[in-house]
Amino acid sequence: MELIVLSKEEMKRVAGEKAVDLIEDGMTIGLGTGSTVFWAIKKLGQRMKEGLRIQAIPTSKNTQTLAEQHGIPLTSFKEISQLDFTIDGADEINPQLQLIKGGGGALLREKLVAIQSRRLIIVADHSKFVPTLGAFPLPIEIVPFAWECTAKRIENLGCRPILRMDKNKPFVTDNKNYVLDCCFGTINQPTELHQRLKLLHGVIETGLFIGGVSCVILGDGQGAKMIENKEAQS
Ligand code: 5RP
């Protein structure tokens, strides 16, 4: 038997494409952000050319542009309130299928889209699957005004917040906010940490996605493997 060994980019591609196999005619789909979702959008564009009919809501301006380039019809929450499912990436995934997201800075819209979705499908290469969250600095979207004070409040919870930069200016999200990348070290209690952060003045959203993931599709050296969250099935 021939042994196939995929590169990291191929692992992302197989994961992204497998998620698109789940899409059926007439569905409404949330489109996440990032280099793994890129492959899903590309494959979805091919399926549209073959006659698939769906509507999608993007989680970022980058994804909106990409979806338009691939001929995917977009809609908005003015028109619909419920999506059949969302395909999105992640920066870290633990065995409970809790996530750190926001490496691309789209965490707020990603969360707003995810919670309107019947199913959340996460696509990633297998290096994102970790025993505990926290090696990846936690992105937190904050109000720009008095950001230094918000950063101090977050720091008091036991981390080192770093203002995300874009060249020599603060990185600004699609919602015109800032992002702090926060090194907490190992996050043993993600739910508690998320709740404590959300109570701080100036914090808009955290990159901790706790609960609600229906399934993770991981690309590895041999192909794509699905990890189903039985508790999240509707
Ligand atoms: C963007 C995200 C991305 O989904 C996450 O950063 C993973 O991206 P990639 O697939 O490029 O590794 O949360 O805000």
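This short presentation describes the sheets, the helices that pack on them, and the ligand site of one structure.

Colleagues, please note that this is a predicted model, in which local features need pLDDT of at least 70, side-chain atom pairs count only at pLDDT 80 or more, and totals for chains, interfaces and linings use all residues. Residues are numbered from 1 along each chain as its sequence is written, and side-chain values use heavy atoms, with hydrogens and water left out.

I begin with the six-stranded sheet. It is open, with mixed pairing, and its strand order is β2-β1-β3-β6-β14-β15. Strands here are DSSP runs of E of at least two residues, and helices are runs of H or I of at least four, numbered from the N terminus; two strands pair if DSSP finds at least two bridges between them. At the edges stand β2 (55–58) and β15 (224–228), each paired on one side only. From one strand to the next, the twist averages 20°, where axes are lines fitted to C-alpha atoms, for helices over the stretch in contact, and angles run from 0 to 180 degrees between N-to-C directions.

Within this sheet, β1 (residues 28–31) pairs with β3 (residues 83–88) in the parallel sense over three bridges. Ile-29 has Phe-85 of β3 as its bridge partner. By contrast, β14 and β15 run antiparallel and are joined by five bridges, with Gly-219 partnered by Ala-224 in β15. Four residues lie between the strands of this hairpin, and Gly-223 takes a positive phi near 160°.

Which helices pack on the sheet? Helix α1 (residues 8–20) touches β3, β6 (117–125), β14 (213–219) and β15, and its direction makes about 160° with that of β6; contact means heavy atoms within 4.5 Å. Helix α2 (residues 37–49) lies across β1, β3 and β6, at about 130° to β3.

A further open sheet has three strands in the order β4-β5-β13, with antiparallel pairing. Its edge strands are β4 (92–93) and β13 (208–209). Two bridges connect β5 (residues 99–100) with β13, and Ile-100 has Leu-208 as its bridge partner there.

I turn now to the ligand. Which residues come nearest to it? Among the 17 around the ligand, they are Ser-35, Thr-36, Asp-91, Gly-102 and Lys-128, a residue being near if one of its heavy atoms lies within 4 Å. By class, the shell holds three nonpolar, nine polar and five charged residues; Gly is counted as polar in this scheme.

Backbone atoms also approach ligand oxygens. A backbone N or O atom of Gly-102 lies 2.8 Å from one ligand oxygen atom. For a polar backbone atom of Ala-106 the distance to a ligand oxygen is 3.0 Å, and for Gly-89 it is 3.4 Å. Taken alone, the ligand exposes 380 Å², of which the protein buries 91%, with accessible areas from the Shrake-Rupley method and a 1.4 Å probe.

Note on methods:
Polar contact = N/O pair within 3.5 Å; in protein donor to acceptor, adjacent residues only side chain to side chain.
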